[in-house]
Amino acid sequence: MAESDTDKNKDDELAGTEQPFVAHLIELRDRLIYCIYGLVVAGGLLAIWPGPSGLIDFVAVPIRAHMPHDAKLIAVGVFSPFFVPLKVLLMAAVLLALPWLMYQAWMFVAPGLYSHEKRFALPLIFFGSLLAYAGIAFVQFFVLDKMFNFIQHFTPASVAATPDIASYVESILSLYLAFGVAFQVPIVVMLLVRFEMVTIEKLKSMRGYFIVGAFVIAAVLTPPDVISQLALAVPMILLYEVGIWGARYFVRFSRSPDSDEAEGEAKPPAEKTDSAQP
């Protein structure tokens with residue numbers, strides 16, 4: 001007996017939704033244009049308030065708190081006073097528009113996802129954006145202050161700690177990127193478990209290796225001081241445990257209907273028990 005159209009759609013809900021390669025390129029172009037629009041709007045808003053100078057003052061707060069009184073950052077390069085604020089403005093625009101950029105990426109891949117995959121894609125985008133913001137905020141409000149406090153204790157009295165603004169911005173941008181990516185550990189762990197690339201039991205058995213790897217990554221990505229290395233390695237280890245804990249619920253939440261039906265069919269039927277004889 002031939003399968004009905006309903007059964008075929010149930011087997012593969014994406015059947016018949018294939019698009020030609022040119023259509024994918026057009027869709028990609030549209031999404032990139034939307035991303036540019038989002039960056040322009042975010043950059044325009046930040047240019048109005050607080051402005052490039054206000055952004056520079058904000059990112060310079062951690063180091064100026066440990067500089068001599070009335071000391072300011074210097075600009076060694078001829079064009080540094082112009083290009084460095086623009087770089088900070090672009091960085092802030094990307095951060096402000098990050099949820100919009102992630103949403104456009106999701107809209108590009110959404111047509112090729114099943115309904116149960118779409119159900120967990122948006123929460124992952126939202127959760128990943130929050131983790132990125134948390135990592136950058138952790139750098140701005142905790143790591144930089146502790147790191148510069150540690151460094152200033154080794155500064156000789158005959159040396160004036162007045163860093164160049166260009167080198168300072170490059171240093172904090174690398175820290176923002178490192179912590180923003182490192183804080184995505186729970187997302188990576190949950191996806192690895194969801195796509196059955198590794199089991200939760202295997203992740204638990206690899207705790208020791210991950211701890212060593214976290215300190216190695218921190219030593220490579222952060223400046224050569226103990227404070228920043230510990231500030232990156234310890235959160236990565238804690239977020240690894242969060243990922244293991246969240247993977248249990250994430251797998252259940254994102255399970256496909258076919259796997260639920262197969263699991264239900266695999267369970268043996270309950271045996272009927274005769275009523276008690278009087």
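A crossing of two helices is left-handed if the near helix is turned anticlockwise from the far one by less than a right angle, and right-handed if clockwise. The legends below use these terms for a predicted model.

**Figure 1. The whole chain is built from helices and loops, with 0 strands.**
The predicted model of the protein contains 13 helices. Read from the N terminus, the order of elements is α-α-α-α-α-α-α-α-α-α-α-α-α. Of the 278 residues in the protein, 35% are buried. Take the contacts between residues at least 6 apart in sequence: 83% of these join residues at least 24 apart.

**Figure 2. Confidence varies along the chain, from helix α1 with the lowest mean pLDDT among the elements to helix α11 with the highest.**
The average pLDDT of the protein is 83, and 83% of the residues reach at least 70. Helix α1, residues 5–11, has a mean of 49. Helix α11, residues 207–221, has a mean of 94. In the stretch of residues 270–278 the pLDDT falls below 50. Apart from near neighbours in sequence, residues 270–278 make 0 contacts in the model.

**Figure 3. Helices α5 and α8 cross at roughly 15°.**
Helix α5 covers residues 80–96 and helix α8 covers residues 165–182; their axes come within 10 Å. Because an angle under 35 degrees counts as roughly parallel, α5 is roughly parallel to α8. The crossing of α5 past α8 is left-handed. On the α5 side, the contact involves Ser80, Val84, Lys87, Val88 and Met91. Their partners in α8 are Ile165, Ala166, Val169, Glu170, Leu173 and Tyr176. By class, the residues of this contact of α5 with α8 are 8 nonpolar, 1 polar and 2 charged.

**Figure 4. Ser80 is a buried residue of helix α5.**
Ser80 is one of the α5 residues that meet α8. Is Ser80 buried or exposed? The relative accessibility of Ser80 is 11%, so Ser80 counts as buried. With neighbours within four places in sequence left aside, Ser80 is in contact with Ala75, Pro85 and Ala166. Of these partners, Ala166 belongs to the α8 side of the contact between α5 and α8.

**Figure 5. Helices α2 and α5 pack at an angle of about 120°.**
Helix α2 is made of residues 21–48, and its axis lies 8 Å from that of α5. The two helices are therefore oblique to each other. The crossing of α2 past α5 is right-handed. Which residues make the contact between α2 and α5? From α2 come Leu39, Ala42, Gly43, Leu46 and Ala47, and from α5 come Leu89, Ala92, Ala93, Val94 and Leu96. Sorted by class, the residues of this contact are 9 nonpolar and 1 polar, with no charged residues.

**Figure 6. Ala97 sits in the loop between α5 and α6.**
Helix α6 spans residues 98–109. Ala97 has a relative accessibility of 5%, so Ala97 counts as buried. Setting aside neighbours within four places in sequence, Ala97 contacts Gly38, Leu39 and Ala42. Leu39 and Ala42 are also among the α2 residues that touch α5. Another residue of that contact is Gly43. Gly43 and Ala97 are 54 residues apart along the chain, and their C-alpha atoms are separated by 8.9 Å.

**Figure 7. Gly135 is a buried residue of helix α7.**
Helix α7 covers residues 115–152. The relative accessible area of Gly135 is 0%, so this residue is buried. Not counting residues up to four places away in sequence, Gly135 touches Phe179 and Phe183. How many residues apart in sequence are Gly135 and Val181? They are 46 residues apart in sequence, and 8.0 Å from C-alpha to C-alpha.

**Figure 8. Two loops show backbone details at Pro50 and Glu196.**
The peptide bond that joins Trp49 to Pro50 is cis, and its omega is near 5°. Pro50 belongs to the loop between α2 and α3, where α3 spans residues 51–59. Glu196 is in another loop, between α9 (185–194) and α10 (200–205). Phi of Glu196 is near 60°, which is a positive value in a residue other than glycine. Glu196 counts as exposed because its relative accessibility is 72%.

Terms used. Residues are numbered from 1 along each chain as its sequence is written. This is a predicted model: local features need pLDDT of at least 70, side-chain atom pairs count only at pLDDT 80 or more; totals for chains, interfaces and linings use all residues. Side-chain values use heavy atoms; hydrogens and water are left out. Axes are lines fitted to C-alpha atoms, for helices over the stretch in contact, and angles run from 0 to 180 degrees between N-to-C directions. Helices (H or I, at least four residues) and strands (E, at least two) are DSSP runs, numbered from the N terminus. Angles under 35 degrees count as roughly parallel, over 145 as roughly antiparallel, 65 to 115 as roughly perpendicular and the rest as oblique. Contact means heavy atoms within 4.5 Å. Ala, Val, Leu, Ile, Met, Phe, Trp, Tyr, Cys and Pro count as nonpolar, Asp, Glu, Lys and Arg as charged, and the others, Gly among them, as polar. pLDDT is the predictor's confidence in each residue, from 0 to 100. Buried means under 20% relative accessible area, exposed over 50%, partly exposed in between (1.4 Å probe, protein chains only).
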